[in-house]
Structure formats: structure tokens, C-alpha cells
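Here is a quick tour of one model, best read with the viewer open. Have the sequence to hand as well.

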Amino acid sequence: MEKTFIRVRSAKDITIFASLIVLGSVLVALPTSTSVNITGFFLIFAGIILALVLKTGYKDMETGEKYQKKEHYFPQSMNAPIVSCLQSKPDSIDMGEVEKGNAVKLEIYYNRSTGKAYLQLFEYIPYKYEPCSRMYEHEVSNIGRLLK
């Protein structure tokens, strides 16, 4: 299964930059002191920059469904156990080893409304992470521990 996810704006992103722009516009429009107007212009500028840059959601290129992403980092010794757990029971991955190394990265794309989750393991090769497993599809209810 070859899934491709691209970064998109989530509802949270849109809320953040829209509220900054609206708040800044209100501060500029009110007949107040110059310092308040400068603050308003700063908020508008920050909102516009965030509108251009902020993308925290992910979209599946095939179906168009939107997903959230979660990452966990593990030491190199966890590579084989994680791959074997991904095939059958991903909830049995030893989460006690999380953040004890960064040689292996587990990426989880999930959508709670559809109940789908996609998991893939990456291995650090100098300067980038390369996939070392295929993409596995599971139900969100089966990976509840991994999303905490």
C-alpha cells in the first residue's frame, strides 16, 4: 500500500491566523493611542505570516481525507520489535523506550472520525529518515496507546 500525505491547513490553523488578523484589525480601527495601533498592525502582520506558513494537517492524496500526524522516536534496538508489532498488534509496542534515542521514527497518520490510521517506521540515515517498513493500515481503536 503506497499512501502519500501532503501538508494542508487544519481548522485550528485557520482559526489561529484568522483570529489574529481580526483582532489586529479591531485594534487598528478603534480610536486609541498609537501604541495600540502599532500592536494591531503587528497582529495583522503575524496573522498574514502564519496564514502563509502554518500547515499542521495532512491530506491523503488518493481519497482527500484529512489526517493528523503523531511521531514517536525510538533507539535502534527497537527496529525489529516495532516492525513485528506493526504487522499484527501495534498497541503492544513498548512505549517505555520512547525518546530514549532517535535512530528510529514511527509516524502515525490518523483520523478519528473515519477510524483509520496509517503507521510507518523510518530509520535515520545521515541527514534524513528513510522508510524501513511498508505503510500499515489499522483502526484507530487498535492504536489508542500510541496516540497518547
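How do the residues of the lining of the largest pocket divide into nonpolar, polar and charged? Keep in mind while looking that this is a predicted model.

## The largest pocket

The answer is a mixed bag: 4 nonpolar, 5 polar and 5 charged residues make up the lining of the largest pocket. The space inside comes to about 260 Å³. Three elements, β2, β3 (66-74) and β4 (104-111), each give two or more residues to this lining, and β3 puts in the largest share, with 4 residues.

To find the spot in the viewer, go to S10, T56, G57, Y67 and Q68, which lie nearest the pocket's centre among its 14 lining residues.

## Y58 and the smaller core

Now for Y58, which sits in strand β2 (residues 57-60). Is Y58 buried or exposed? Its relative accessibility is 12%, so Y58 counts as buried, the cut-off being under 20%.

Beyond its sequence neighbours up to four places away, Y58 touches a run of residues early in the chain, F5, I6, R7 and V8, and also E65, K66, Y67, K69 and Y109. Another early residue to look at is S10: 48 residues separate S10 from Y58 along the chain, yet their C-alpha atoms are 8.0 Å apart.

## Two nonpolar cores

As a general point, nonpolar side chains in soluble globular proteins tend to be buried together. Here the largest nonpolar core has 20 residues, and F74, L86, I93, L106, I108 and L119 are the ones with the most contacts inside it. Elements that each supply at least two residues of this core are α3 (79-88), β4 and β5 (116-125). Apart from it lies another core, of 6 residues, with Y58, Y67, Y109 and Y118 among them.

F74 is worth clicking on. Setting aside neighbours within four places in sequence, F74 is in contact with I82, I93, D94, M95, E97, V98, G101, N102, A103, V104 and L106.

## K3, a buried lysine

Which segment holds K3? K3 lies in the stretch before β1 (5-8). With a relative accessible area of 13%, under the 20% cut-off, K3 is buried. Its side chain makes a polar contact of 2.7 Å with the side chain of D60.

D60 also turns up in the list of what K3 touches, along with E62, T63, Y118 and M135, once residues up to four places away in sequence are left out. One of these, Y118, is also a member of the 6-residue core.

## Out on the loops

N102 belongs to the loop between α3 and β4. At 51% relative accessible area, N102 is exposed, since the cut-off is over 50%. Even so, N102 has partners further off in sequence: leaving out neighbours within four places, the contacts are Y73, F74, Y124 and Y129. Between N102 and F74, which are 28 residues apart along the chain, the C-alpha separation is 5.3 Å.

Last stop is Y127, in the loop between β5 and β6 (128-131). Y127 is exposed too, with a relative accessible area of 79%. What is the phi of Y127? Phi is near 85°, a positive value in a residue other than glycine. For context, most residues other than glycine have a negative phi.

Terms used. Residues are numbered from 1 along each chain as its sequence is written. This is a predicted model: local features need pLDDT of at least 70, side-chain atom pairs count only at pLDDT 80 or more; totals for chains, interfaces and linings use all residues. Side-chain values use heavy atoms; hydrogens and water are left out. Buried means under 20% relative accessible area, exposed over 50%, partly exposed in between (1.4 Å probe, protein chains only). Contact means heavy atoms within 4.5 Å. On a 1 Å grid over the protein atoms alone, a cavity is a set of points where a 1.4 Å probe fits but cannot get out, and a pocket is an open set with protein on both sides within 12 Å along at least five of seven lines; lining residues have an atom within 4 Å of a point. Grid points are joined across faces, edges and corners, and a volume is the space filled by probe spheres set on the points. Ala, Val, Leu, Ile, Met, Phe, Trp, Tyr, Cys and Pro count as nonpolar, Asp, Glu, Lys and Arg as charged, and the others, Gly among them, as polar. A nonpolar core is a set of buried Ala, Val, Leu, Ile, Met, Phe, Trp, Tyr and Cys residues joined through side-chain atoms within 4.5 Å. A polar contact is a pair of N or O atoms within 3.5 Å; within protein, one must be able to donate a hydrogen and the other to accept it, and residues adjacent in sequence count only if both atoms are side-chain atoms.
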